[in-house]
Amino acid sequence: MGAQKSIHAGKAKIDVNVDFTHKLCAALMLPSFRYSSDPLSLVIGSLCIKHPNLFGGSEKLDLSWNRGLNDSNVLIAYRRPRPGWLSQQSFVVQHSVTPEIGVHGSPIDNFSRSGSGGVNLCRYSVGVDLNEPASSHWKSTTSIKLEHIRPVDDVGRPISRDLEGFPVTCSGNYHDSMVVLKQESRYAKANECSFSQLSIQIEQGIPVLSKWLIFNRFKFVATRGMKLGPAFLLTSVTGGSSVGDMAPYQAFAIGGLGSVRGYGEGAVGSGRSCLVMNSELTFPLNKGLEGAIFFDSGTDLGSGHHVPGNPALRQGKPGSGIGLGYGLRMNSPVGQFQIDYAINAFQQKTVYFGISNVAS
């Protein structure tokens with residue numbers, strides 16, 4: 001249900017990917033998605049243009065465009081060559097539009113799904129990424145970016161309040177602006193039987209102007225995988241906390257695929273802090289097909305009422321939850337298929353269906 005194509009134009013490379021599969025599956029499983037009579041609304045795709053030697057000095061230019069179900073992203077990155085012992089610089093300009101379901105979405109069907117809350121984020125950013133030279137098992141990236149975030153409704157009109165009249169920005173106006181200094185460190189170590197990964201992110205809002213956001217946000221993800229005979233056990237712990245200024249959309253959203261399965265996106269809760277634990281055991285069934293059993297849990301650590309407007313309490317989110325279930329993983333020439341069947345603490349069942357295309 002999709003197509004990929006790579007085109008070489010001189011030294012530049014153009015990758016085109018058009019996919020109908022995700023949209024059609026989502027339309028069958030999630031009828032609450034906004035409907036459009038435009039045939040192009042059924043298309044999910046991406047376009048990537050890469051030039052390895054823009055001005056003859058090994059400068060690299062990457063342009064990418066991605067369109068999802070109800071979101072889009074445009075990214076322009078320019079990289080200048082530097083000696084290997086120096087930080088590699090990238091100048092980045094980005095624009096994205098994404099539905100804010102994790103915080104403002106309304107849980108439905110016993111928290112197994114999340115409906116649109118009528119809030120979407122239009123985000124502009126420009127800045128510099130610095131990739132530090134790798135040392136041993138550690139990699140580090142530092143970035144500083146100017147961000148301008150403008151909430152809009154489902155038809156693209158700017159808004160400053162949600163459907164219940166509560167502010168959706170920190171400033172109370174139609175937009176928030178901030179300069180964000182971000183430091184991310186990654187650790188990875190692997191052998192034939194196991195692997196370990198750790199990611200630590202620290203973000204600091206810098207008060208360049210008096211009304212710009214000042215905050216400190218911390219997040220970590222620790223992952224461990226190991227072989228248990230023919231099976232493989234994967235466990236992970238994700239946590240974070242934020243202090244200082246906060247807009248509701250900056251809260252940690254808990255629930256959904258990649259968080260606590262069995263719940264809709266953000267249906268467990270949203271808070272200034274979070275802790276999520278995941279465990280999954282996969283085992284071979286036959287060639288190209290694996291079975292999986294999993295257990296997920298998550299909590300906002302009682303911080304939901306510290307989010308401006310307290311959206312989690314207004315929507316009746318429990319603040320903590322568990323999910324467990326089983327699934328299938330299948331590799332095929334057109335991509336990797338994943339089906340998960342999960343049940344949450346309210347005994348509501350949810351099926352997740354995902355497809356990852358294999359690049360040509």
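**Exercise 1. Is Ala 312 buried or exposed, judging by its relative accessible area?**

Solution.
Step 1. Note that the model is predicted.
Step 2. Place the residue: Ala 312 belongs to helix α3.
Step 3. Read its relative accessible area, which is 5%.
Step 4. Apply the cut-off: buried means under 20%. Ala 312 is therefore buried.
Step 5. Look for company from elsewhere in the chain. Setting aside residues up to four places away in sequence, Ala 312 touches Ser 270 and Lys 317.
Step 6. Compare sequence and space. Gly 269 and Ala 312 are 43 residues apart in sequence, yet their C-alpha atoms are 5.7 Å apart.

**Exercise 2. Describe the surroundings of Asn 73 and of Asn 310.**

Solution.
Step 1. Start with Asn 73, in strand β5, residues 72–79.
Step 2. Its relative accessible area is 18%, so Asn 73 is buried.
Step 3. Find a polar partner. The side chains of Asn 73 and Gln 94 make a polar contact at 2.8 Å.
Step 4. List the contacts beyond four places in sequence. For Asn 73 they are Ser 64, Trp 65, Asn 66, Gln 94, His 95 and Ser 96.
Step 5. Turn to Asn 310. This residue sits in the loop between β18 (289–299) and α3 (311–314).
Step 6. Asn 310 has 16% relative accessibility, so it too counts as buried.
Step 7. With neighbours within four places left aside, Asn 310 is in contact with Gly 304 and His 305.

**Exercise 3. Which residues make up the largest nonpolar core?**

Solution.
Step 1. Name the members. There are nine: Phe 111, Phe 252, Ile 254, Val 260, Tyr 263, Ala 267, Val 268, Cys 274 and Val 276.
Step 2. Ask which elements give two or more residues. They are β15 (252–254) and β17 (273–286).
Step 3. Look beyond this core. Another one lies apart from it, with eight residues, including Leu 121, Ile 149, Val 180 and Leu 213.
Step 4. Check one member of the largest core. Cys 274 has 7% relative accessibility, so it counts as buried.
Step 5. Take a second cysteine. Cys 122 is buried as well, at 5%.
Step 6. Count disulfides. A disulfide is a covalent bond between the sulfur atoms of two cysteines. In this model the count is zero.

**Exercise 4. How many salt bridges are there, and which parts of the chain does the pair Glu 164 and Arg 314 tie together?**

Solution.
Step 1. The count is 13 salt bridges.
Step 2. In the bridge between Glu 164 and Arg 314, the closest N and O atoms are 2.5 Å apart.
Step 3. Locate both ends. Glu 164 lies in the loop between β10 (138–152) and β11 (176–190), and Arg 314 in helix α3, so the bridge joins parts 150 residues apart in sequence.
Step 4. Check exposure. Arg 314 is partly exposed, at 25%.

**Exercise 5. Trace the salt-bridge network that includes Glu 280.**

Solution.
Step 1. Glu 280 bridges to Arg 261, with 2.9 Å between the closest N and O atoms.
Step 2. Glu 280 is in strand β17 and Arg 261 in the loop between β15 and β16 (269–271), so parts 19 residues apart in sequence are tied together.
Step 3. Both ends are buried: Glu 280 at 14% and Arg 261 at 8%.
Step 4. Glu 280 also meets Arg 329 in a salt bridge, 3.1 Å from N to O.
Step 5. Arg 329 lies in strand β19 (residues 320–332), and this pair is 49 residues apart. Arg 329 is buried, at 10%.
Step 6. Put the network together: Arg 261, Glu 280, Asp 296, Arg 329 and Asp 340 are linked by salt bridges.

Conventions
Residues are numbered from 1 along each chain as its sequence is written. This is a predicted model: local features need pLDDT of at least 70, side-chain atom pairs count only at pLDDT 80 or more; totals for chains, interfaces and linings use all residues. Side-chain values use heavy atoms; hydrogens and water are left out. Helices (H or I, at least four residues) and strands (E, at least two) are DSSP runs, numbered from the N terminus. Buried means under 20% relative accessible area, exposed over 50%, partly exposed in between (1.4 Å probe, protein chains only). A polar contact is a pair of N or O atoms within 3.5 Å; within protein, one must be able to donate a hydrogen and the other to accept it, and residues adjacent in sequence count only if both atoms are side-chain atoms. Contact means heavy atoms within 4.5 Å. A disulfide is a pair of cysteine sulfur atoms within 2.5 Å. A nonpolar core is a set of buried Ala, Val, Leu, Ile, Met, Phe, Trp, Tyr and Cys residues joined through side-chain atoms within 4.5 Å. A salt bridge is a side-chain nitrogen of Lys or Arg within 4 Å of a carboxyl oxygen of Asp or Glu.
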